[in-house]
Amino acid sequence: MCTIYSRSTIAVAFALVAGLWLISCTPVATRPAATTEPAAEAPAHRADSARWEQVKRAAREEGKVVVAGPGFPGLRAALVENFQQAYGIQVEYLGLPSGEVITRVDREFRADRPSIDVNIGGFTGCWTMGERGQIEDVSTQLLDPAILDPAAWRRGALKFVEASPQMPQDFHCALQTAEWVMTDLFVNTTVVKPEDIRSWKDLLKPEYRGKIASFDPRIAGPAQTTVPYLSRLFGLDYLRDLYVGQQVVLTGDNRQLAEWVARGTYPIGIALVQAAVEPLRAEGLPLQRVFPGDGPGALTSGFGTIMKIKNSPNPNTAAVFINWFASKEAQEIWEREMLELSLRKDTTSGVPEYIIPRPGIQYSVDATTPEQFFAYGAQARERLQQLLGR
């Protein structure tokens, strides 16, 4: 993951700018109420307080946990500091892109030398590593009675990433702690009027050729939510007409993509992430989320899934960290630094209004489902790889 200025980093260096950022975020009071939508059900087990105490004692003896996660400096610092304060256990945090984590885990498994205990990242890594037998059922790691309380969660239960078609269907490869509306489309309002894009098909207008940038949909990252969504809505030919016909410029760098749109280099951006957008908006740059009427967005977990690497060197500290990550304290850190809406009901950090599900909008697509990723996503990735090369 590239280095991106986090909210806490800006607060240290630019106190006034940080204050403006807080104004731009929506308070918790406007969040959606608990939904009745079905979730991947938690396994039928009760909290085991005795085992939880035993695992915590063993974790203190191990004394260290290795966590791979998004490379946002503020997130890294806050997670490390607060977990170490809570449990007195050292955290080695590896800020790596999801693709690098998957490659590293695979390489280390082949050498029989896993070094990472826990991975925080996108839901697709759960399937890739799960199908290779490289992660454990995360539900077996959940022991803290406080996080097993259904009343703590917006869905009335913990939500797990569903198993892929190639995995046992009762296998819980990752715990999903965040859910929000994907940030599919942004514009620079000094160059492109938001009201001029009423439909996704408006992006195919000749005047926008060469003016659109996107996160690279061929690699792990935010475009692997947006592109399958567009494929589902408009078909594969639309992807061809957009990415090839409109000469869309690609990058694998979240910060660069947001900078391009904010500075007007490419005034239309596809699959930006809010942790890169909001620091620029706080500086007064003219970035605005656009919601085309024929595609208001899909629900996604973003980076907010956590999984346990199999045969890791510190299994007890891994379990303690996973349980802590689902706590109110850790989820408030997550919201504050990543600006992703937690599935917990009791967090109090602000998030941008544009990621909160809007009343009256039916979000019919959940990007974290195997159907969405393996049906529409696989076709979209294959077509774009054919068109754009690998």
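Here are some numbered notes on this predicted model, from the overall picture down to single residues.

1. To set the scene, the protein holds 13 helices and 15 strands. Of its 390 residues, 57% count as buried. Long-range packing is well represented too: among contacts with a separation of 6 or more, 79% are between residues 24 or more positions apart.

2. A good place to start looking is the open sheet, whose 6 strands follow the order E3-E2-E4-E14-E6-E5 with mixed pairing. Strand E3 (90–95) and strand E5 (159–160) sit at the edges with a single partner strand each, so one side of each has no neighbour in the sheet. As a general reminder, the strands of a sheet pair through backbone hydrogen bonds, in either a parallel or an antiparallel sense.

3. Both senses turn up here. Strand E2 (residues 64–69) pairs with strand E4 (residues 118–121) in parallel fashion over 2 bridges, and Val67 stands opposite Val118 of E4. E4 and E14, by contrast, run antiparallel and are joined by 4 bridges; there, Asn119 has Met307 in E14 as its bridge partner.

4. Strand E14 (residues 305–308) deserves a closer look, since it is covered on both faces. Thr305 and Met307 are buried on one side, and Ile306 and Lys308 are buried on the other. You may want to pause at Lys308, a charged residue by class that is among those buried in E14. The pairing of E14 with strand E6 (residues 175–176) is antiparallel, over 2 bridges, with Gln176 opposite Thr305.

5. Now to the enclosed space. Rolling a probe the size of a water molecule over the atoms shows where empty space is left. In this structure there are 2 cavities of 30 Å³ or more. The largest cavity holds about 40 Å³ of space, and 11 residues line it, with Leu96, Pro97, Ser98, Ile120 and Gly121 closest to its centre. H5 and E4 are the elements that give two or more residues to this lining, and E4 has the largest share, with 3 residues. The lining divides into 7 nonpolar, 4 polar and no charged residues.

6. The second largest cavity contains about 30 Å³ of space. Its lining consists of Trp180, Val273, Gln274, Ala275, Phe303, Met338 and Glu340. By class that makes 5 nonpolar, 1 polar and 1 charged residues.

7. If you are interested in open sites, try the second largest pocket, with a volume of about 360 Å³. It has 24 lining residues, and those nearest its centre are Ser98, Ala220, Gly221, Pro222 and Phe303. Helix H5 (98–110), helix H6 (123–131) and helix H7 (223–234) are the elements that give two or more residues to the lining. Its classes come out as 12 nonpolar, 11 polar and 1 charged residues. Two names recur from the cavities: Ser98 is among the residues closest to the centre of the largest cavity, while Phe303 is one of those lining the second largest cavity.

8. Helix H7 also contains Thr225. Is Thr225 buried or exposed? Its relative accessibility is 7%, and because the cut-off for buried is under 20%, Thr225 counts as buried. Beyond its neighbours within four places in sequence, Thr225 is in contact with Phe123, Met182, Thr300 and Ala367.

9. Helix H4 (residues 73–87) is a handy check on helix geometry. Its 15 residues reach 21 Å from the first C-alpha to the last, close to the 21 Å expected at 1.5 Å a residue. The buried residues of H4 are Gly74, Leu75, Ala78, Leu79, Val80, Asn82, Phe83 and Tyr87. Just after the helix, Gly88 takes a positive phi of about 65°.

10. Finally, a link between distant parts of the chain. Leu236 belongs to helix H8 (residues 236–244). Which residues does Leu236 contact, leaving aside its neighbours within four places in sequence? They are Ser231, Gln379, Ala380 and Arg383. With Arg383, the separation along the chain is 147 residues, yet the C-alpha atoms of the pair are separated by 7.2 Å.

How values were computed: Residues are numbered from 1 along each chain as its sequence is written. This is a predicted model: local features need pLDDT of at least 70, side-chain atom pairs count only at pLDDT 80 or more; totals for chains, interfaces and linings use all residues. Side-chain values use heavy atoms; hydrogens and water are left out. The expected span of a helix is 1.5 Å times one less than its number of residues. Buried means under 20% relative accessible area, exposed over 50%, partly exposed in between (1.4 Å probe, protein chains only). Contact means heavy atoms within 4.5 Å. On a 1 Å grid over the protein atoms alone, a cavity is a set of points where a 1.4 Å probe fits but cannot get out, and a pocket is an open set with protein on both sides within 12 Å along at least five of seven lines; lining residues have an atom within 4 Å of a point. Grid points are joined across faces, edges and corners, and a volume is the space filled by probe spheres set on the points. Two strands pair if DSSP finds at least two bridges between them.
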